[in-house]
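Here is a short note to help you find your way around this structure. Keep the view open as you read, and take the points one at a time.

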Amino acid sequence: MLIGLVRNPIVLRAQLLSKRFGGRLACHDVSLEIASGEIIAIVGESGSGKTTLLSCLGGHLRPDAGIVEIQDKDNRLHPIWSLQEEQRVGLLRSQVGFIHQRPQDGLQANISAGANIIEPLALAGLRKFSQMRCIAKEWLEQVEIHPGRVDDLPGSFSGGMQQRLQIARVLVKRPRLLLMDEPTGGLDVSVQARILDLLRRLVCDLPVAVVLVTHDLGVARMLADRLYVLKSGTIVEHGLADQVLDDPHHPYTQLLVSSVLRA
Ligand SMILES: Nc1ncnc2c1ncn2[C@@H]1O[C@H](COP(=O)(O)OP(=O)(O)OP(=O)(O)O)[C@@H](O)[C@H]1O
């Protein structure tokens, strides 16, 4: 008897996605899928369509063509743009987390660090204050922020700490799908390395599928299992991260890799 490889369930599937802005095709016939426990990176130079694609995958931007399916809590895939708005918003809110490049875009500036972490749980119905405060402190520790800072406002934290706080706020609701747009983009190299280490550890501990958008091949190599290379809105190459980076086949990927080596 043949015993097949058991693959984790698919959390996100996109088929033939296209998005145009006026006469400009930002994303063209993109298909990809990602299973629970996997990290994929979408790489490409500035303007190649990474953010547009991520916005289409995360339900922020309606594609002009194609299908995006996201898994619900019962492991069923739903085509998000065919759902009623209320169902779509509910599915995205409960199953998808988004880490922005600028932590300010993902945090509430006027509430404490602890309140930032527990707000998503409160919105989901958790009401016990003492329990929520404990969860907030546990998550602060998870992201290497002293729990004594639970009542401080995010603005009193450094850029790296704010990014770690944003990560806690997103992961506390244990999303099945985590989307990240240049999560270490604006940070110093040493701060970047710490955040990448932290992200790798946290996502390994969770059954989450991660889509990372980055122009930085070093970040992609460090985090991703698989890579999709985007050029002018089209996927020109994809495969295992090490394979694509060590032995790029498409001339555009070769150019990207060689420009890093030259830098
Ligand atoms: N809201 C918009 N209106 C018009 N054109 C847009 C819009 N958003 C993106 N574009 C265009 O779509 C193309 C892809 O842009 P996108 O921001 O997705 O690329 P990117 O790879 O994320 O770039 P970067 O790394 O610089 O953020 C670009 O030509 C851009 O000018």
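1. Let us begin with the shell around the ligand. By class, this shell has 2 nonpolar, 8 polar and 2 charged residues. Please keep in mind throughout that the model is predicted.

2. To find the shell in your viewer, look for Phe21, Arg24, Ala26, Gly44, Ser46, Gly47, Ser48, Gly49, Lys50, Thr51, Thr52 and His215, the residues around the ligand. Which elements each supply at least two residues of it? They are β2 (24-35) and α1 (50-57). Helix α1 gives the largest share, 3 residues.

3. Next, the sheet. It is open, has 6 strands with mixed pairing, and follows the order β6-β7-β8-β3-β9-β10. At its edges stand β6 (96-99) and β10 (234-240); each has a single partner strand, so one side of each is left without a neighbour in the sheet. On average, and ignoring direction, neighbouring strands are turned by 15° against each other.

4. One pair in this sheet is worth a visit. Strand β9 (residues 226-231) is paired with β10 in the antiparallel sense, over 6 bridges. If you start from Arg226, you will find its bridge partner in β10 at Leu240. Helix α1, which you met at the ligand, packs on the sheet and touches β3 (39-43), β7 (177-181), β8 (209-214) and β9. The direction of α1 makes about 155° with that of β8.

5. Helix α5 is a good place to go next. This helix lies across β6 and β7, and runs at about 175° to β6. Two helices pack with α5, and the next points take them in turn.

6. With helix α3 (residues 113-123), α5 packs at an angle of about 25°, the axes being 7 Å apart. The two helices are therefore roughly parallel to each other. From α3 come Ala113, Asn116, Ile117 and Pro120, and from α5 come Leu165, Ala168 and Arg169. By class, this contact has 5 nonpolar, 1 polar and 1 charged residues.

7. How do α5 (residues 159-171) and helix α6 (residues 189-205) pack? Their angle is about 15° and their axes are 10 Å apart, which means α5 is roughly parallel to α6. The crossing is right-handed. On the α5 side you will see Gly160, Gln163, Arg164, Ile167 and Leu171, which meet Val191, Arg194, Ile195, Leu198, Leu199 and Leu202 in α6. By class, the contact of α5 with α6 has 7 nonpolar, 2 polar and 2 charged residues.

Conventions. Residues are numbered from 1 along each chain as its sequence is written. This is a predicted model: local features need pLDDT of at least 70, side-chain atom pairs count only at pLDDT 80 or more; totals for chains, interfaces and linings use all residues. Axes are lines fitted to C-alpha atoms, for helices over the stretch in contact, and angles run from 0 to 180 degrees between N-to-C directions. Helices (H or I, at least four residues) and strands (E, at least two) are DSSP runs, numbered from the N terminus. Angles under 35 degrees count as roughly parallel, over 145 as roughly antiparallel, 65 to 115 as roughly perpendicular and the rest as oblique. A crossing is left-handed if the near helix is turned anticlockwise from the far one by less than a right angle, and right-handed if clockwise. Two residues are in contact if their C-beta atoms, placed from the backbone, lie within 7 Å. Ala, Val, Leu, Ile, Met, Phe, Trp, Tyr, Cys and Pro count as nonpolar, Asp, Glu, Lys and Arg as charged, and the others, Gly among them, as polar. A residue is near a molecule or strand if its C-beta atom, placed from the backbone, lies within 6 Å of it. Two strands pair if DSSP finds at least two bridges between them.
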